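Hello,

Here is the structure we talked about handing over. My notes follow below it.

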Amino acid sequence: MKELVVGIGNSVHDGAIALCTNEGVFAEAFERHMQVKRALGCNGLFSSWRPLRAALNRVGISPASLQRASIRTTWNYNDEDFAAMRRPIAHEGSDDGYLAMITSTSAWDSAIAVQLGWLLRGEFPHVHPSLGEVLPSGPGSLLRFAVPRTAPVEIDRSSVPHHLAHAAHAVYTSPFDRCVALVIDGADERTSIDVFSFADDTFRPISSTGSEHSLGHLYGVVTQQCGFQYWEGEEWKVMGMAAHGERVPELYRFFHDRTHVDGLQVKLSLGMSWLDELLALLRPGSGKTGVLQAANLARSFQDYFADTVVALVKNVHALGISDNLAYAGGCALNSAANGRIVRETGFRRLHVPSAPADDGNALGAALYERHSVRRIPRTPTIASPYLGSTIDLEELERALSFATFDAVRIDDEQELCDRTAAALARGEIVGWVQGRAEFGPRALGNRSILADPRRGDMRDIINERVKFREQYRPLAPAILHEHGERFFQGYEESPYMERALPFRDEVKALVPAVVHLDGTGRLQSVTRERNALFHGLLSAFERQTGIPMLVNTSYNVMGKPISHSANDVLTVFATTGLHLLVVGPWMIRKRS
């Protein structure tokens, strides 16, 4: 009996789909297909039709081969939860649209399940009022079209609580049989922080912190005060800017004195006028202004945030449950804080998945159903982040036949790596697009822009001529795992760029392009087992230059998701300062 478990990340932002069968796993954010960052505003009835269909095709699912499908969405709430999920740290009188977001999420839950049912049953909705009935009135009402089934597919549908999906994603992509699972997030149905113990495929709740004490939401408000947009997920810009600012004691104390880490809970005592009080500290005449003021706020808050997370995690470890920590939720994207956890909290091993935010919940919901509910044995290869689509080489070759590019096909992988490494060593900036796309926000050697880390001006060149983004934005190092100790103090394996570690002083001058202003790097540890081709390229560069490291940033421009299709990839290449594009076996240059 052919069965399918489908996870749907149905948040209003970072929607995603994951499909699990006995043969394999597919997971991808909707933003990739839509090419709309975070898929914001793309939650309509038909907007996810294409990624749903593509995902089914990728795992070889058709109505003829399928008897049963389980759909698991990632919110489980009722009317009481709507009232409880007010964003408590929003400025009094502001209209942040939070309740509208939640109700639209509920509507999307229904819409996307209906679409998936059509696809799995081989149906196509004939859009005519006489064929359907209107669902109960309210936000997101839609038509359910009475189209006869063409295949006997049994579909069952339910929800996994939001933070439980986060925890399942962290645990089931980790190497741990027993661990503590920690979720720090904006909010789920009622909470912002949850702690679970995990053993024997069972999650036991240990502690919860209510959504009125949300570190994630607080980070979002500070993001706005730094001049960025939290709805667009720009908290990572605050992280990058923080290294350019100074820790202002008054700003740090402002947050620290209003926070109490009480065992496994974080308690915020902000008060209704807290934002006015913060703005008073930031007014002209109270210190630096403009960009520098924003950098100082970013640095002061980032230090406070990391200190608070470390204090909480220390208390979690003191429970004595395990020395292994699986960590997810939106706050787990804070690589600067993550880099301190193993050094300072007592945990010996930390696992943060490649997609710890809401896109990862699609996979978390599916894995929870398979392993915690159905008790299907775990598959060790699920730890791979390369779970998305491949580039259609026929589409690429068709485009190359009409476009003004020079292209040569090199089927020998060693030659491909050697020639690409030589181009990088000459100072060329290379687009490297290979295999299945990474699941999550970070390029890990399959949808990457690569460059030589030895050039001190490389960061400015890439930010200005390729990514078209702010000059202070750092670039990440991808390093051969076997050379990690040589370059980083207290080296920890970091397969998904999930933690920032301090460079050793004696090597900073060797790789200035990837040393952030605070002396750290958000590294990716590359092994042959995880990505043989990328490991081969780094090895070729190391043989030619003596440096086992490359600049690695995502293959996109600012404001756009990582490129998805062959045409997306070619468009970025043609309209930026990239010198060379390597897609599969094809080495492509712009015609002079």
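**Helix α8 against helix α9**

In α8, residues E250, L251, F254 and F255 make contact with W274, E277, L278, L281 and L282 of α9. Sorted by type, the residues of this contact are 7 nonpolar, no polar and 2 charged. Please keep in mind that this is a predicted model.

How do the two axes run? Helix α8 spans residues 249-256 and helix α9 spans residues 274-282; their axes come within 10 Å and cross at roughly 170°. Angles over 145 degrees count as roughly antiparallel. So α8 and α9 are roughly antiparallel to each other.

**Helix α18**

Next is α18, residues 566-574. Which of its residues are buried? They are A566, V569, L570, V572 and F573. These residues cover an arc of only 160° around the axis, so they sit on the same side of α18. The general rule behind such a pattern is that an α-helix has 3.6 residues a turn, so residues three or four places apart point the same way.

What covers the buried residues of α18? The cover includes one helix, α13 (393-402). It also includes the strands β15 (405-409), β16 (430-433), β23 (580-583) and β24 (586-590).

**Two buried residues**

N338 lies in helix α11, residues 335-345. Its relative accessibility is 0%, so N338 counts as buried. Setting aside residues up to four places away in sequence, N338 touches Y327, A332, L350 and V352. N338 also touches E498 and R499.

L268 belongs to strand β12, residues 265-268. Buried or exposed? L268 is buried, because its relative accessibility is 8% and the cut-off is under 20%. Leaving out neighbours within four places in sequence, L268 is in contact with H213, S214, L215 and L218. Its other contacts are R258, T259 and Y304. Take L215: it is 53 residues from L268 along the chain, yet their C-alpha atoms are separated by 8.4 Å.

**Cysteines**

How many disulfides does the structure hold? It holds 0. Two cysteines are worth a look on your screen. C179 is buried, with a relative accessible area of 0%. C331 also counts as buried, at 8% relative accessibility.

Best wishes

How values were computed:
Residues are numbered from 1 along each chain as its sequence is written. This is a predicted model: local features need pLDDT of at least 70, side-chain atom pairs count only at pLDDT 80 or more; totals for chains, interfaces and linings use all residues. Side-chain values use heavy atoms; hydrogens and water are left out. A disulfide is a pair of cysteine sulfur atoms within 2.5 Å. Buried means under 20% relative accessible area, exposed over 50%, partly exposed in between (1.4 Å probe, protein chains only). Axes are lines fitted to C-alpha atoms, for helices over the stretch in contact, and angles run from 0 to 180 degrees between N-to-C directions. Helices (H or I, at least four residues) and strands (E, at least two) are DSSP runs, numbered from the N terminus. Angles under 35 degrees count as roughly parallel, over 145 as roughly antiparallel, 65 to 115 as roughly perpendicular and the rest as oblique. Contact means heavy atoms within 4.5 Å. Ala, Val, Leu, Ile, Met, Phe, Trp, Tyr, Cys and Pro count as nonpolar, Asp, Glu, Lys and Arg as charged, and the others, Gly among them, as polar. The arc is that of the directions from the helix axis to the C-beta atoms.
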